[in-house]
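Reader: I'd love a close look at one part of this protein, the place where two of its strands sit side by side, and at what surrounds that spot. Could you walk me through it?

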Amino acid sequence: MSLRITPLTDPTHGAHSRRLAWLASDADANPVGTAFLRLFDGGQEHLAELTLHVHPVERRKGVGSRLLDTAVAAARDNTRRCVVAQAEAGSPGEHFLPAHSFRKVLTLRFARLPLADVDTTALAEIIERPHPGYRLASWQGTVPDHLAQTFAASRRAMDDMPMEDTDHGTTAWDVDRVRAAAKAVEQRGDHLHTVVAIDTSNGSITGFTELVVPGGGTGDAQHYGTGVLPEHRGHGLGRWMKAEAIRQAHGHYPDLGGLLTDTADSNTHMRHISDSLGYVPTHTTLQYQLDL
């Protein structure tokens, strides 16, 4: 088929990444596919993330291959050493990506907690159970100034999260970056809720969990990450914080349907926490990587 690839201007450049975009159209100027390539910085300057969609009617006509070739060329031009892309298990992407030299590097298990099914009594027991030497704190939106530095420092809790064979790199976090991330959520109209565990001996944050709620307070909220610093693991802080996040979502958003989470298949500890809190598996997504 006659195909035209048009580069687009993406208005959503972030403070720590930028995105390239392309539109594929047929001979009659009908859009048939899109590709987006996110280029990271701050410890991930080697990495590009691809999102590619082709209209179901136009598949198997070379549209995806042309878009992929364009995006990969751009990744090379921007000195990236690898491109990652995700495909839901059983989807066309699961066959397309390996056929174009991508290798599977990570399996993500998704799960959902229906808020209508939450046992608030059991949840309260988890939250109220003493954790000597620690206390919980929380906020909505941007981190309060007096906790900003220690919150940024606590982000290294995610540095060793299981990523299987992905060339993920290490994200460099500082106060400006955590504030920029919160601002990005606010600008699209959603609500960022953060629960942290604090070391009572020195007031430092030892772990955190983040939840993003849709602006209208309906549908499903999405967990963005839960991490505990290595030196504070083994005290049940992850489950404690996540239970408090569930309690707040359940109490503050009566029309919210559920909470979504995704966890690497190899992260058995975090999967066990979700299972124990009532999350139900929904689907599996596979991450692929192309080494350039």
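Author: Happy to. Strand β6, residues 103-114, pairs with strand β12, residues 280-291, and the two run in the antiparallel sense over 9 bridges. Please keep in mind that this is a predicted model. One contact to find on your screen is Arg109, whose bridge partner in β12 is Thr284.

Helices pack on the sheet here too. Helix α7, residues 268-276, touches β6, β10 (219-228) and β11 (256-264), and its direction makes about 160° with that of β11.

Now for the open space at this spot. The second largest pocket has a volume of about 170 Å³. Both members of the bridge pair above, Arg109 and Thr284, belong to its lining. Phe110 and Ala111 line the pocket as well, as do Thr261 and Thr263. Further lining residues are Arg271, Ser274 and Asp275, and the list is completed by Pro281, Thr282 and His283. In terms of elements, β6, β11, α7 and β12 each supply at least two of these residues. The largest share comes from β12, with 4 residues. By character, the lining divides into 6 polar, 3 charged and 3 nonpolar residues.

Stepping back, the β6 and β12 pair is part of an open sheet of 12 strands with mixed pairing. Its order is β1-β2-β3-β4-β5-β12-β6-β11-β10-β9-β8-β7, which places β12 between β5 and β6. The edge strands are β1 (3-8) and β7 (134-140), each of which pairs on one side only. From one strand to the next, the twist averages 25°.

For contrast with the pocket, there is also an enclosed space. A search of the whole structure finds 1 cavity of 30 Å³ or more, and about 50 Å³ of space lies in it. Among the residues lining this cavity are His193, Leu211, Gln248 and Tyr253. Helix α6 (237-252) gives the largest share of that lining, 4 residues, and β8 (191-199) is another element that supplies at least two. The cavity lining has 5 nonpolar and 4 polar residues, and no charged ones.

Finally, the whole protein: its secondary structure comes to 7 helices and 12 strands. The radius of gyration is 21 Å, close to the 19 Å that the globule rule gives for 292 residues, so the protein is as compact as a globular protein of that length. Along its principal axes, the C-alpha trace spans about 65 × 35 × 35 Å.

Terms used. Residues are numbered from 1 along each chain as its sequence is written. This is a predicted model: local features need pLDDT of at least 70, side-chain atom pairs count only at pLDDT 80 or more; totals for chains, interfaces and linings use all residues. Side-chain values use heavy atoms; hydrogens and water are left out. Two strands pair if DSSP finds at least two bridges between them. Axes are lines fitted to C-alpha atoms, for helices over the stretch in contact, and angles run from 0 to 180 degrees between N-to-C directions. Contact means heavy atoms within 4.5 Å. On a 1 Å grid over the protein atoms alone, a cavity is a set of points where a 1.4 Å probe fits but cannot get out, and a pocket is an open set with protein on both sides within 12 Å along at least five of seven lines; lining residues have an atom within 4 Å of a point. Grid points are joined across faces, edges and corners, and a volume is the space filled by probe spheres set on the points. Ala, Val, Leu, Ile, Met, Phe, Trp, Tyr, Cys and Pro count as nonpolar, Asp, Glu, Lys and Arg as charged, and the others, Gly among them, as polar. The radius of gyration is taken over C-alpha atoms; the globule rule is 2.2 Å times the number of residues to the power 0.38.
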